[in-house]
Amino acid sequence: MSTHAADPLAALGALPGVPEVVDSVRKAVDRVYGHRVMRRRSNEISSEAALRGARGSAALAGADWALEEVRRRSDFGVDAEARTVGAALRLGAEAGQLLSIWRQSPLRVLARLHLVAAGDAGESVGRPRQDGEAVDEPLIEAPLPSADEVVGRLEGLADLIVAGTSAPAVVTAAVVHGELLALRPFTSYNGLVARAAERIVLIGSGLDPKAICPSEVGHAEVGRAAYVAAFEGYRSGTPEGMARWIAHCGRAVELGVRESTAVCEALQRGAA
């Protein structure tokens, strides 16, 4: 993230094309929140969004299971793909419990997310990686920042979150997501953690307070190649690259909205 304004996140929100993305996302979210089914069955929509979001996040991490397989399975420890799906499901369930902590201690939340994803208390779990430790991240192949750089940039990101910003939620969520992908601060499950953190920002900001707009669904629907290409825009640090990444993340939210709108329609018809 390369900008030096007093509120760097707000400065990103003013990049060419970004205000239009923000407006489009807000209108899409408002439409699904206004759906008549939401007035009576929002808890069901939230639960289904969490399940579909977890499936999408796991798909990006290389475990592309059908939704019904994710819904049916109960054993998520038998192989690497199953462990990835299980990690994504646990993160989806945990994210809503961490909203009150995020604004005060984002680093504590990130440590908790990694612990939940890993599902154990191994030596490297829940703390930033150290130099020489291998990183298992199947999707992002960009060079790894050093351990010292990871710590410094994590602290900088945390300071921005704690200080607060006037930036739209989509912009803040995209930066949190992109920075965690760039740093890959943990030895495993960095992509899952980054996407869970994005969702925490979207929910906690008030854009999606009922957690019914699973951005992970959109990231998966657009596809792994487009996701990586957009991330390279973030990693470039250029205004054009940053705007491209923010637009990609905004589109992911809109596709998550479309998914939950379809769920609302199915419930209204009595078909789900």
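**Exercise 1. Helix H7 and its end**

Task: In this predicted model, determine which residue takes a positive phi just after H7, and describe the length and surroundings of H7.

Solution.
1. Glycine 119 follows directly after H7 and takes a positive phi of about 70°.
2. The helix itself covers residues 106–118, which makes 13 residues. From first to last C-alpha it reaches 18 Å, close to the 18 Å expected at 1.5 Å a residue.
3. The buried residues of H7 include Pro106, Leu110, Leu113 and His114.
4. Among the elements that cover these buried residues are helix H5 (80–95), helix H8 (147–163) and helix H10 (190–204).

**Exercise 2. The span of helix H13**

Task: Work out what span the 31 residues of helix H13 should have, and compare it with the distance between the end C-alpha atoms.

Solution.
1. Helix H13 runs over residues 239–269.
2. The expected span is 1.5 Å times one less than the number of residues.
3. For H13 this rule gives 45 Å, and the end C-alpha atoms are 45 Å apart, so the two values agree.
4. Just after H13, glycine 270 takes a positive phi of about 80°.

**Exercise 3. An aromatic pair**

Task: Classify the arrangement of tryptophan 65 and phenylalanine 76, and state whether each residue is buried or exposed.

Solution.
1. The structure has 4 aromatic pairs.
2. In one of them, tryptophan 65 and phenylalanine 76 lie 6.4 Å apart, centre to centre, with 25° between the planes. Planes under 30 degrees apart count as stacked, so this pair is stacked.
3. The pair joins distant parts of the chain, 11 residues apart: tryptophan 65 is in the loop between helix H3 and helix H4, and phenylalanine 76 is in the loop between H4 and H5.
4. Buried means under 20% relative accessible area. Tryptophan 65, at 9%, is therefore buried, and phenylalanine 76, at 18%, also counts as buried.

**Exercise 4. Two salt bridges**

Task: Describe where the partners of the salt bridges arginine 41–glutamate 44 and glutamate 221–arginine 258 are placed in the chain.

Solution.
1. The whole structure contains 18 salt bridges.
2. The closest N and O atoms of arginine 41 and glutamate 44 are 2.8 Å apart. Both residues belong to helix H3, and because they are 3 residues apart, about one helical turn separates them.
3. Glutamate 221 and arginine 258 meet at 2.1 Å, N to O. This pair links distant parts of the chain, with glutamate 221 in helix H11 and arginine 258 in helix H13, 37 residues apart.
4. Glutamate 221 is partly exposed at 40% relative accessible area, and arginine 258 is partly exposed at 46%.

Note on methods
Residues are numbered from 1 along each chain as its sequence is written. This is a predicted model: local features need pLDDT of at least 70, side-chain atom pairs count only at pLDDT 80 or more; totals for chains, interfaces and linings use all residues. Side-chain values use heavy atoms; hydrogens and water are left out. Helices (H or I, at least four residues) and strands (E, at least two) are DSSP runs, numbered from the N terminus. Buried means under 20% relative accessible area, exposed over 50%, partly exposed in between (1.4 Å probe, protein chains only). Contact means heavy atoms within 4.5 Å. Rings of Phe, Tyr and Trp (its six-membered ring) pair if their centres lie within 6.5 Å; planes under 30 degrees apart count as stacked, over 60 as edge-to-face and the rest as tilted. A salt bridge is a side-chain nitrogen of Lys or Arg within 4 Å of a carboxyl oxygen of Asp or Glu.
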